[in-house]
Amino acid sequence: MKQINVKHLIDEQPPAKAKYLKISAGLRAAIKTGLLKPGEQLPAARHLGQQLTSNRHTIMAAYNELIAEGWIYSQQRKGYFVANVLPIDKSQAATSNHQETNDSFDWEFTKNLHPVMQEQAANYQYNFAGGTPDTSLFPFGELKAHISDALNHPDLVSLNYGDNAGFKPLIKQISQYLRRVRSLQGREIVITNGSQEALYILSQILLKQGDVVATEAMGYRPAWNAFSNAGAHLVAIDQDEFGIVTQSFADIVTEQQALGQPIKLLYLTPLHQYPTTATLPVTRRQAIYNIAQQHNIAIIEDDYDHEFHYRCQPLAPMASDDPRGLVIYLSTFSKVMFPGARIGFMALDSRLRDAVVSYKTIINHKVSITTQDAIARWMDSGNFERYLRKITKIYQQRRDFILLQLAAYQHQSKIKSFTKPDGGMAVWVELNDSARKLSEQAKLKSIFIQCQGHFMLNQQDDSDRYIRLGFAGMDQQKIEKGLACLFDHKI
Ligand SMILES: Cc1ncc(COP(=O)(O)O)c(C=O)c1O
């Protein structure tokens with residue numbers, strides 16, 4: 001068992017709101033003073049907990065704090081290590097340069113950018129983040145074989161500049177797949193670096209400063225960030241257990257018109273509403289479409305995880321019944337493969353295609369051919385859809401399992417209610433108490449959960465009663481243990 005002599009440094013730290021903060025401050029001091037060296041391995045959380053007579057979860061929380069600050073990093077199955085380049089080195093380098101020249105450059109930012117503190121949910125022992133696929137189930141061997149094929153038989157012309165809408169054989173595979181599984185046809189496919197790039201491009205070419213975008217009251221912040229970054233103002237449409245309320249959309253359209261700021265774009269997740277997973281009923285879809293076409297409002301339909309629908313065939317997307325061509329359809333391989341694949345796509349009305357590809361070419365003037373070639377081969381082999389059938393079954397079992405578990409916790413009044421999702425990768429759970437508090441307490445136990453506030457467009461509307469529990473990313477044993485730990489239940 002690795003021992004480190006840091007207790008005195010921890011004891012010296014000023015009192016902190018939580019014990020883990022005091023421990024992280026002590027460890028930070030040990031790194032700063034050189035007691036812990038760059039690259040040095042830290043003891044396992046359980047061992048350091050024993051040395052400091054602290055709970056393992058408290059040590060995990062202290063480690064997670066230091067990871068977020070860049071002092072340490074974790075390596076799967078190996079443990080925690082002191083960072084090789086310390087934040088202090090970076091800042092000292094900046095200071096010493098500054099002293100040499102005594103004339104530091106005055107950066108002027110044109111955008112109001114907040115530092116991105118992307119929390120690494122995967123660093124938590126129990127990761128209940130809603131959209132996380134179980135990457136350990138992914139058939140890497142199959143993909144590797146297709147990458148080899150792509151490199152053994154390269155399409156030499158495609159490797160050069162040009163064809164920036166995506167690798168043609170992959171476009172063909174995606175078109176066929178969408179026609180079969182989503183009843184979508186007659187659209188132009190443009191492949192992007194994840195659907196986030198698609199959202200960015202669309203925002204840049206369709207929105208200008210002061211335009212208004214309507215969205216679900218609870219929704220997907222990365223999409224909102226792309227719209228706001230283009231200068232748009234966002235307005236929230238009320239939602240109930242079925243998704244957005246048609247009357248609320250109609251009212252907002254009228255109000256915005258009266259203000260002289262008509263709605264330009266509607267962003268929606270109709271199949272599995274993000275974050276509640278509710279499916280928007282057909283009647284509402286039709287009513288919303290009719291309002292949109294009457295008022296010249298474009299719709300972005302984000303169909304991010306349609307593959308995982310358990311009860312029946314998923315409803316066809318709004319884009320499949322779009323006579324005006326006003327719906328832009330988005331989807332991604334981040335759930336069916338893994339987010340690091342960075343493959344997303346748009347299925348567009350042909351009149352939009354050239355503008356989208358032109359803007360895309362400004363960002364980057366070539367797509368990654370080898371990855372796209374390998375995925376096209378994987379889809380063509382039939383193994384892609386075989387794998388989809390396999391994981392859909394597994395995720396359905398995990399959904400059923402978490403629902404049984406939640407029913408037991410509901411019986412013990414640990415939670416108030418929950419909704420059985422017909423599809424998707426998460427359950428929307430109502431608590432008796434503050435959701436924010438539970439998610440903060442969870443962090444101390446190395447459990448990652450997202451609470452309602454995380455998804456609210458308007459924070460003042462946050463009733464702070466709901467959490468989203470992702471079930472796809474962990475096996476049943478881990479789900480059971482994670483929930484027991486979350487609700488302080490002995491198993
Ligand atoms: C609503 C929604 N859209 C899209 C995505 C996928 O984004 P990307 O393709 O950029 O990885 C996610 C992933 O979490 C999502 O939740």
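**Close-up 1. Buried and exposed residues of helix 6 in the predicted model.** Leu-143, His-146 and Ala-150 are the buried residues named for helix 6. Viewed along the helix axis, the buried residues lie within an arc of 60 degrees, so they line one face of helix 6. An α-helix has 3.6 residues a turn, so residues three or four places apart point the same way. Helix 14 (369-381) is included in what covers the buried residues of helix 6. On the face turned away from the buried side, helix 6 carries the exposed residues Gly-141, Lys-144, Leu-151 and Asn-152. Helix 6 has 13 residues (140-152), which at 1.5 Å a residue should span 18 Å; the end C-alpha atoms are 18 Å apart, in agreement with that value.

**Close-up 2. Strand 9 between its parallel partners, strand 5 and strand 10.** Strand 9 (residues 263-268) has 5 of its 6 residues buried, so the strand is largely enclosed by the rest of the structure. Strand 5 (residues 212-216) runs parallel to strand 9 and is joined to it by 4 bridges. In this pairing, Leu-266 of strand 9 is the bridge partner of Ala-214. Strand 10 (residues 298-302) also pairs with strand 9 in the parallel sense, over 4 bridges. Here Leu-268 is opposite Glu-301 of strand 10. From strand 9 the chain passes through helix 12 (residues 282-294) to strand 10, a β-α-β crossover that is right-handed.

**Close-up 3. Helix 10 and the elements it packs against.** Ala-223, Trp-224, Ala-226 and Phe-227 are the buried residues of helix 10. Their directions from the helix axis fall within an arc of 160 degrees, so the buried residues line one face of helix 10. These buried residues pack against helix 9 (195-206). They also pack against strands 5, 6 (233-237), 9 and 10. Just after helix 10, Gly-231 has a positive phi of about 100 degrees.

**Close-up 4. Aromatic pairs, with Tyr-220 and Tyr-274 as one example.** The count of aromatic pairs comes to 23. In the pair of Tyr-220 and Tyr-274, the ring centres are 5.1 Å apart and the planes stand at 75 degrees; with angles over 60 degrees counted as edge-to-face, the pair is edge-to-face. The two residues are 54 residues apart, and their pair links distant parts of the chain. Tyr-220 is in the loop between strand 5 and helix 10 (221-229), while Tyr-274 is in the loop between strand 9 and helix 12. Tyr-220, at 25% relative accessibility, counts as partly exposed, whereas Tyr-274, at 13%, counts as buried. Elsewhere, ring pairs link a cluster made up of Phe-138, Phe-140, Tyr-177, Phe-333, Phe-338, Phe-345, Trp-378, Phe-384 and Tyr-387.

**Close-up 5. An open sheet of 4 strands with antiparallel pairing.** The strand order in this sheet is 13-14-17-16. Strand 13 (417-418) and strand 16 (450-451) are at the edges and have a single partner strand each, so one side of each is left without a neighbour in the sheet. Strand 16 is joined to strand 17 (residues 466-470) by 2 bridges, and the two run antiparallel. Cys-451 is opposite Ile-467 of strand 17. Strands of a sheet pair through backbone hydrogen bonds, either parallel or antiparallel.

Notes:
Residues are numbered from 1 along each chain as its sequence is written. This is a predicted model: local features need pLDDT of at least 70, side-chain atom pairs count only at pLDDT 80 or more; totals for chains, interfaces and linings use all residues. Side-chain values use heavy atoms; hydrogens and water are left out. The expected span of a helix is 1.5 Å times one less than its number of residues. Buried means under 20% relative accessible area, exposed over 50%, partly exposed in between (1.4 Å probe, protein chains only). The arc is that of the directions from the helix axis to the C-beta atoms. Contact means heavy atoms within 4.5 Å. Two strands pair if DSSP finds at least two bridges between them. A crossover is right-handed if, with the strands pointing away from the viewer, the path from the first strand over the helix to the second runs clockwise. Rings of Phe, Tyr and Trp (its six-membered ring) pair if their centres lie within 6.5 Å; planes under 30 degrees apart count as stacked, over 60 as edge-to-face and the rest as tilted.
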